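Work through these short exercises with the model open beside you. Try each task before reading its solution.

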Amino acid sequence: MVYYLSDDQKQWVRNSGFEPLLYFCLEMLPGKLAYNIFQIFDHNSVSLRLKNATISITDEDVFDLLGLPHGGEMVKLGPTELYQERTKEWLEQFETEKEREQITQGKIVQLMKG
């Protein structure tokens with residue numbers, strides 16, 4: 001999905017401190033693997049719980065994998081005017097106020113399919 005961002009959207013990603021995501025490439029994630037990872041993920045301890053071990057996931061792990069800002073780095077957003085119109089257009093895709101407040105993955109996929 002990142003591949004299809006417009007130049008303006010890519011610049012927003014850079015300005016927000018997430019430029020490394022523009023170079024992240026994941027062509028396929030097998031469904032069974034993804035399902036299994038989510039099954040063993042413990043959100044309370046932020047770890048993967050295996051039968052005989054626990055693998056903790058640290059800020060450094062996320063940085064190493066995705067390049068997301070961590071530690072003392074702050075995510076800097078531009079002034080509201082820069083993204084206010086885009087946010088308005090995004091929300092207009094959803095028909096009701098309830099849909100705008102609870103945007104689900106399924107609804108996003110449905111919108112992407114057209």
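**Exercise 1. Find how much surface the protein exposes and what share carbon and sulfur atoms supply.**

Solution. This is a predicted model. The protein exposes about 9900 Å². Carbon and sulfur atoms supply 56% of that area. Now turn to burial: of the 114 residues in the protein, 10% are buried.

**Exercise 2. Describe the order of helices and strands along the sequence.**

Solution. Start with the count: six helices and three strands. Then read along the sequence: the pattern is α-α-β-β-β-α-α-α-α. Last, take the contacts between residues at least 6 apart in sequence: 31% of them join residues at least 24 apart.

**Exercise 3. Decide whether Asp42 is buried or exposed, and list what Asp42 touches.**

Solution. Locate Asp42 in strand S1, residues 41-42. Its relative accessibility is 18%. The cut-off for buried is under 20%, so Asp42 counts as buried. Next, look at its side chain: a polar contact of 3.3 Å joins Asp42 to the side chain of Ser45. Leave out residues up to four places away in sequence, and Asp42 touches Ser47 and Arg49.

**Exercise 4. Place Leu66 and find which residues Leu66 touches.**

Solution. Leu66 is in helix H3, residues 59-66. With 25% relative accessibility, Leu66 counts as partly exposed. Beyond four places in sequence, Leu66 touches Pro20, Leu21 and Phe24. Check Cys25 too: Leu66 and Cys25 are 41 residues apart along the chain, and their C-alpha atoms are separated by 9.9 Å.

**Exercise 5. Count the salt bridges, then examine the pairs of Glu19, Lys88 and Glu97.**

Solution. The structure holds four salt bridges. Side chains of opposite charge can pair when their charged atoms come close.

- Step 1. Glu19 and Arg14 meet through their side chains at 3.6 Å, N to O. Glu19 is partly exposed at 33%. Arg14 is partly exposed at 32%.
- Step 2. Lys88 pairs with Glu92, with the closest N and O atoms 3.9 Å apart. The two lie in helix H4, residues 80-92, and are four residues apart, so about one helical turn separates them. Lys88 is partly exposed at 46%, while Glu92 is exposed at 52%.
- Step 3. Glu97 pairs with Arg100, with the closest N and O atoms 3.4 Å apart. About one helical turn separates Glu97 and Arg100, because they are three residues apart in helix H5, residues 97-101. Arg100 counts as partly exposed at 29% relative accessibility.

How values were computed
Residues numbered from 1 in each chain as written. Predicted model: local features only at pLDDT ≥ 70, side-chain atom pairs only at ≥ 80, totals over all residues. Heavy atoms only, no water. Buried < 20%, exposed > 50% of the residue type's maximum accessible area, 1.4 Å probe, protein only. Polar contact = N/O pair within 3.5 Å; in protein donor to acceptor, adjacent residues only side chain to side chain. Contact = heavy atoms within 4.5 Å. Areas by Shrake-Rupley, 256 points an atom, 1.4 Å probe, with all protein chains shown as cover.
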